[in-house]
Amino acid sequence: MNMHPSDMKLTNARRGADWWHGGVIYQIYPRSFQDSNGDGIGDLKGICQRLPYIQSLGVDAIWISPFFKSPMKDFGYDVSDYRDVDPMFGTLADFDAMLEEAHNLGIRVMIDLVMSHTSNQHPWFSESRKTRDNPKSDWYVWADPQLDGTPPNNWLSIFGGSAWQWDSRRLQYYLHNFLSSQPDLNFHNSEVQDALLDMARFWLDRGVDGFRLDTINFYFHDARLRSNPPLPPEARNASIAPMVNPYNHQDHLYSKNQPENLAFLERLRALTDEYEGRACLGEVGDAQRGLEIMAQYTEGESRMHMCYAFEFLESRPATTEVFKAVFDKLTTEAADAWPCWAFSNHDVKRHVSRWNLSAEAARLYPVLMMCLRGSACLYQGEELGLPEGDVAFEDLQDPYGIEFWPEFKGRDGCRTPLPWVTQAENAGFGDGKAWLPVDPAQAAMAVDRQEADPDAMLHHYRRLIALRQDHRALAQGDMTNMSVSGNVLSFERSIDAEWVFCAFNIGDTTAQVRTPDGDWNIASDSLGLMAPDGGALTLPGWGMTILKKAGG
Ligand code: BGC
Ligand code: MG
């Protein structure tokens, strides 16, 4: 067992090896977090400067979106060197310094490994594409055209068009589930697996606490390259791609979710388990069988620790019925699965705008998230209650948005620079012109203003994270008796002798709630929770309560 380099220094509530289990993870999109050198792009030194702020939130860990060498066609999700930092973000020494400082402050660090594909600028691809018989010729997914010259099958790229790109050197097509500049690696080749695991070891040796694993269910494709069947319109949903994207017209039986993946995930887990206290969070993007795959991938102790779920990232409002349906499905089909929930991230419209939340509703949802069984990811700026940033077509950067504009505006609106100081230039993000415009509406909600106002959303998030950290039942307990009555969602969480009852009024009208038998007290005085009166309580519109059983 390799001890964690700075285990002794981790002082946060959950210092044990299972910190991830119910942990609260803060996602940093490095380009937009804090720019330290005035080039308009956030960087690792910027993150390092802001670690005390992150510590003040009370989270267990940060997940940093990719900062590796990249031509940035997909803003870092197209890696050209897995073992180096892109100069725009800094150097490996900057990374090490940031990691050490994070550990000093009791913050674990997860990095984002994009293993399903590389950039077309990666030396592996440059070699692979040269000939059909070089040592790396089989490292990517190459296939001959059909007789009429068209691609080998009907697979579609999420970012638009066929998933196959013609290459005039090899006179073959290569597979890309995302941009054509993001060729898919061929996981059926064990040398590819070995090279990726070596790379993961490189970062484990540097001391990272875990990985967020990009598009983990895309690693393998059907070796026979069978075409996907069509999906009937009524079965489509917008959980991983907007409705205007024809990617939703297929049932992705063959282009992803292949059974061979399980053995690879076990190799990755075995590697991670050589080190103490590290965790794997796999992103499972599937519109039809996300929870099913999550159950497979998190089963037992030999695969992923947790899977990142898309269930609450959709544009449909997160109603009582949606929560109930998701947890019912988990209970019946995936009782042992360990989800990691998110409402916002760098790929979707910020949830305050996506669900068009009132001020009260915006306060309820994060409290609810902290009460759900599973781990939780918060996205930078969410703690400020930021709405989606406004980005004009001329300022768009995201190729996905440029492709599907105007029905789908892409992902720039959730990636605008984080506002730190309302009155400062670029709202304190940095001295130079930022890569995406600073939104004035967001600047008005900057950290400095909220620090000064005890009622601000920022303090609300600090309190609700603290509530979660103070109650093991909320972080790691069982979840039982979920029920819906009108607009009220209620459930219980319990572990050992600790019992917690939660009820949320997801609607505008007042509702009465019966508390379960027993003597219950309010779990926090600072979140605006409603106190019980005998065996009942009244929840105004968007009111909520969290009660602790006396004697627990
Ligand atoms: C990431 C995206 C990225 C895609 C391709 C994802 O799911 O979160 O930002 O574009 O994978 O790597
Ligand atoms: Mg910079």
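How many bridges pair strand β12 (residues 339–342) with β13, and in which sense, parallel or antiparallel? In this predicted model, β12 and β13 are joined over 3 bridges and pair in the parallel sense. The legends below go through the views one by one.

**View 1. A closed barrel is formed by 8 strands.** The strands of the barrel follow the order β1-β2-β5-β9-β10-β11-β12-β13, and their pairing is parallel. From one strand to the next, the twist averages 25°. Between β12 and β13, one pair that can be picked out by name is cysteine 340, whose bridge partner in β13 is serine 375. Strands of a sheet pair through backbone hydrogen bonds, either parallel or antiparallel.

**View 2. Strand β1 (residues 24–28) is mostly covered, with 5 of its 5 residues buried.** On one side of β1 lie Val24, Tyr26 and Ile28, and on the other lie Ile25 and Gln27; these residues are all buried, and both faces of the strand are thus covered. In a regular strand the side chains alternate between the two faces of the sheet. With strand β13 (residues 375–379), β1 pairs in the parallel sense over 4 bridges, and here glutamine 27 stands opposite tyrosine 379 of β13. With strand β2 (residues 61–64), β1 likewise pairs in the parallel sense over 4 bridges, and in that pairing isoleucine 28 has isoleucine 64 of β2 as its bridge partner.

**View 3. An open sheet of 5 strands has antiparallel pairing.** The order of the strands across this sheet is β14-β15-β16-β20-β18. Because β14 (478–485) and β18 (520–522) stand at the edges and have a single partner strand each, one side of each is left without a neighbour in the sheet. Neighbouring strands of the sheet are turned against each other by 25° on average, with direction ignored. The edge strand β14 is joined by 6 bridges to strand β15 (residues 488–495), and these two strands run antiparallel. One residue to look for in this pairing is aspartate 478, which has serine 494 in β15 as its bridge partner.

**View 4. Lysine 324 is found in helix α8 (residues 320–333).** Lysine 324 counts as partly exposed because its relative accessibility is 22%, a value that falls between the limits of 20% for buried and 50% for exposed. Although lysine 324 and serine 490 are 166 residues apart in sequence, they are 9.5 Å apart in space, taken from C-alpha to C-alpha.

**View 5. The magnesium ion (ligand 2) is coordinated by five residues named here: Asp35 (OD), Asn37 (OD1), Asp39 (OD), Ile41 (O) and Asp43 (OD).** The coordinating atoms lie at 2.2 to 2.3 Å from the magnesium ion. Along the sequence, the donor residues of this ion are spaced D-x1-N-x1-D-x1-I-x1-D. Aspartate 43 is buried, because its relative accessible area of 2% is under the limit of 20%.

**View 6. The largest pocket has a volume of about 890 Å³.** It is lined by 41 residues, of which Asp347, Val348, Lys349, Phe408 and Arg411 are the closest to its centre. Divided by class, the lining of the largest pocket has 17 nonpolar, 11 polar and 13 charged residues.

**View 7. The model has 2 cavities of 30 Å³ or more.** The largest cavity holds about 50 Å³ of space, and its lining includes Leu231, Arg236, Asn237, Tyr247, His252 and Gln288. By class, 4 nonpolar, 5 polar and 2 charged residues line the largest cavity. The second largest cavity holds about 30 Å³ of space, and among the residues that line it are Val284, Asp286, Met294, Tyr308 and Glu311. The lining of this second largest cavity has 5 nonpolar, 1 polar and 2 charged residues.

**View 8. Helix α10 (residues 359–371) is mostly covered, with 10 of its 13 residues buried.** The buried residues of α10 include Ala361 and Ala362, then Leu364, Tyr365 and Pro366, and, further along the helix, Val367, Leu368, Met369, Met370 and Cys371.

Notes: Residues numbered from 1 in each chain as written. Chains lettered and ligands numbered in written order. Predicted model: local features only at pLDDT ≥ 70, side-chain atom pairs only at ≥ 80, totals over all residues. Heavy atoms only, no water. 1 Å grid on protein atoms, 1.4 Å probe; cavity = no way out; pocket = protein on both sides within 12 Å on 5 of 7 lines; lining within 4 Å. Points joined across faces, edges and corners; volume = space filled by probe spheres on them. Nonpolar A, V, L, I, M, F, W, Y, C, P; charged D, E, K, R; others polar. Donors = N, O, S within 2.8 Å, 3.2 Å for Na, K, Ca; no water. Buried < 20%, exposed > 50% of the residue type's maximum accessible area, 1.4 Å probe, protein only. Pairing = 2+ DSSP bridges. Axes fitted to C-alpha atoms, helices over the stretch in contact; angles between N-to-C directions.
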